[in-house]
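Hi,

Here is the structure I promised to send over. My notes are below it.

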Amino acid sequence: GFLDHVALGNEEWNPWEGDEKNERIASQQRYEASLKMIKNARVHLEETSLRVQIWGKAAIGLYLWQHIFGGHLEPADVTAQWREGSQIAGKTYFSFITGPSVVPGYFSVEAENVVLVLNGREKAKIAYATQWLHYAQTLVQTHKIQHVAVVLLGNEQCNNEWIQPYLKRHGGFVNLLFVTYDCALVNEEDIFQWPLGVATYRNFPVVEPSWSMLHDPRSYLCNFLGTVYKNSSRETLMEILKQDGLDKLCWIAAREQWQPQETSESFKNYQDALLQSDLTLCPVGINTECYRIYEACSYGSLPVIEDVMTSGDCRNSSVYHSTPLQLLKTMGAPFIFIKNWKELPAVLEKEKKMSLQEKIQRRKKLVEWYQNFKAWMRQKFINTLEKSFLPSDKG
């Protein structure tokens, strides 16, 4: 009883230990249940109406499979040449393959329906993506597969015109396109906006919210770890933070050049900063949408977003035409949107006055919203594929 806890002396008594232990047991059970489901999946194939094979040839494929679908991959080793997983969702049996060894012609095509995950960020990536599209086109022409959908990491300035000739509506063979950023091509008929997600190319993990993540006081009001480009709004942000010594209340680590390769130490620092700050500052880069937004949500740190359209061809056809992040706004993202970093001191003043209880409620709301957002994207993805790929009952 209580006396036993007192007798422990210096050991911290955690009245929620029971909850944490139950949560660990529950998550172990969830994991075992999902393994069982994968084993059973092969048995239940007859009950599914659709088989879809996802070819993950861009890192956003891992966001789709592990974060949105909650799927597992074997082997777990991220550097493996070949990784695969499967699950049943809706009326569909999904299998997923990824890794450097997944090369056209050197793996078995195991479904009549294919989702091709491609990177269209820059010229070299587009050349590689085009090879995959030509391979898929040959399979369609020789009746090896029936339908193709593409999930595309789009260009940050939304120049994705190169993909248009491949779409069915332009005489091509691609039935559906899911594309990142506020691309003007999005029409909600055969072209849909897709979330950028977290930086899976840096192995950003699937984060399970813990009790302490939601309830513990955090040491910093805000964080910004990133590159400060010359003459960008990020310079303005840095000046504003220095003005009233606000940088002392936040975890700020600015560098002058972008570094694609994280060291494990810098990555751990970044995760700690998200976990230790109530707010994560998200200044625009080449595009307003950035991995940081989703990474902050993963750790219950509220994104403060510079809500301005970046230069290029990104725009949208919604009620939000002049502002970015249409997908997140349509889904009611509970973020703080500001037009100019001059508004930040007022935001931080308000933050200082918030009680821990209010912050806990806000974190819970954010984490719950993010989980619902991923579940909604998954459902929308499955429904869209089934509607497009399954034979309709009309006559």
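Accessible areas here come from the Shrake-Rupley method with a 1.4 Å probe, and for residues only the protein chains shown count as cover. On that basis the chain exposes about 19900 Å² of accessible surface, 52% of it belonging to carbon and sulfur atoms.

Some housekeeping: this is a predicted model, so local features need pLDDT of at least 70 and side-chain atom pairs count only at pLDDT 80 or more, while totals for chains, interfaces and linings use all residues. Residues are numbered from 1 along each chain as its sequence is written, and side-chain values use heavy atoms, with hydrogens and water left out.

The chain has eleven helices and twelve strands (DSSP runs numbered from the N terminus: H or I of at least four residues, E of at least two). Of its 395 residues, 50% are buried (under 20% relative accessible area, 1.4 Å probe, protein chains only).

Have a look at α4, residues 123-141. Its buried residues include Ile126, Trp132, Leu133 and Leu139, and the buried set packs against β1 (50-56), β4 (113-119) and β5 (147-153). Just after α4, His143 takes a positive phi of about 60°.

The other spot is where α8 (291-298) and α11 (356-389) come within 8 Å, axis to axis, and cross at roughly 120° (lines fitted to C-alpha atoms over the stretch in contact, angles from 0 to 180 degrees between N-to-C directions). That makes α8 oblique to α11 (not under 35, over 145 or 65 to 115 degrees). Tyr294, Cys297 and Ser298 in α8 meet Leu366, Val367, Trp369, Tyr370 and Phe373 in α11 (heavy atoms within 4.5 Å).

Cheers

Note on methods
Expected span 1.5 Å × (residues − 1).
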